[in-house]
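Visitor: I would like a close look at a single part of this model, taken slowly and with its surroundings. Please show me the sequence and the structure before we begin.

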Amino acid sequence: MTQQATLYRMVLPDHVCPFGVRAKAMLEQAGFDVDDQILATRDAVDQFEREQHVETTPQVFIQGERIGGSDDLERWLRRD
């Protein structure tokens, strides 16, 4: 059974966050089914960060647990 991960990442008209791209690639490489939640405006990014009490995107959630950003995800994946 494939594990599910939810990824919130910034994809603005003039900027695609490279850390979000990296996080998505790491999840897919690890065999996760990625629910890719695109934050397409600066307002959406700011609102997400306020609601989640975080200062940056991307943010990865696995089984309802917030893993964090791409560096946090990399450490989490190495734990196995």
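What covers the buried residues of H1? Please start from that helix and follow its contacts outwards.

Guide: The model is a predicted one, and what follows should be read in that light. The cover over the buried residues of H1 includes strand S1 (4-12), strand S3 (33-39), strand S4 (59-62) and helix H3 (70-78).

Helix H1 itself runs over residues 18-29, which gives it 12 residues, and its span of 16 Å from the first C-alpha to the last is close to the 16 Å expected at 1.5 Å a residue. Its buried residues are Gly20, Ala23, Met26 and Leu27, and they lie on the same side of H1 because they cover an arc of only 125° around the axis. As a general point, an α-helix has 3.6 residues a turn, so residues three or four places apart point the same way. Just after H1, Gly31 takes a positive phi of about 90°.

Of the buried residues in H1, Leu27 deserves a closer look. Leu27 has a relative accessibility of 0% and therefore counts as buried, the cut-off being under 20%. Leaving aside neighbours within four places in sequence, Leu27 is in contact with Ala5, Leu7, Phe32, Val34, Val60, Ile62 and Leu73. The C-alpha atoms of Leu27 and Gln4 are 9.4 Å apart in space, while the two residues are 23 residues apart in sequence.

One of the contacts of Leu27 is Val60, which lies in strand S4. Val60, too, counts as buried, at 0% relative accessibility. With neighbours within four places in sequence left aside, the contacts of Val60 are Thr6, Leu7, Ala23, Leu27, Glu65, Arg66, Ile67, Gly68 and Leu73, so that list takes in both Ala23 and Leu27, two of the buried residues of H1. Between Val60 and Thr6 there are 5.8 Å from C-alpha to C-alpha, although these residues are 54 residues apart in sequence.

Helix H3 meets H1 through a set of side-by-side residues: Phe19, Arg22, Ala23, Met26 and Leu27 in H1 meet Ser70, Asp71, Leu73, Glu74 and Leu77 in H3. The axes of these two helices come within 9 Å and cross at roughly 20°, which means that H1 is roughly parallel to H3. The crossing of H1 and H3 is left-handed.

Seen from the other partner, H3 has Ser70, Leu73 and Trp76 as buried residues, and these line one face of the helix, because seen down the axis of H3 they fall within an arc of 115°. The cover over the buried residues of H3 includes H1, S4 and strand S5 (65-68). Strand S4 is thus named among the cover of H1 and also among that of H3.

The segment before S1 also approaches the end of this region, since Thr2, which is found in that segment, touches Gly31, Phe32 and Asp33 when residues up to four places away in sequence are not counted. Thr2 and Gly31 are 29 residues apart in sequence and 6.8 Å apart in space, C-alpha to C-alpha. Thr2 is partly exposed, with a relative accessible area of 49%.

The loops on either side of S4 complete the picture. In the loop between helix H2 (42-52) and S4 one finds Thr57, which counts as buried at 10% relative accessibility and which touches Tyr8, Met10, Cys17, Leu39, Val45, Phe48 and Glu49, not counting residues up to four places away in sequence. The peptide bond from Thr57 to Pro58 is cis, with omega near 10°, and Pro58 is found in the loop between H2 and S4. That loop also holds His53, which has a positive phi of about 60° although it is not a glycine, and which is exposed, with a relative accessible area of 72%. In the loop between S4 and S5 lies Gln63, which has a positive phi of about 50° although it is not a glycine; Gln63 is exposed, with a relative accessible area of 71%.

Definitions and conventions: Residues numbered from 1 in each chain as written. Predicted model: local features only at pLDDT ≥ 70, side-chain atom pairs only at ≥ 80, totals over all residues. Heavy atoms only, no water. Helix = DSSP H or I, 4+ residues; strand = E, 2+ residues; numbered from the N terminus. Expected span 1.5 Å × (residues − 1). Buried < 20%, exposed > 50% of the residue type's maximum accessible area, 1.4 Å probe, protein only. Arc of directions from axis to C-beta. Contact = heavy atoms within 4.5 Å. Axes fitted to C-alpha atoms, helices over the stretch in contact; angles between N-to-C directions. Parallel < 35°, antiparallel > 145°, perpendicular 65-115°, else oblique. Left-handed = near helix turned anticlockwise from the far one by under 90°.
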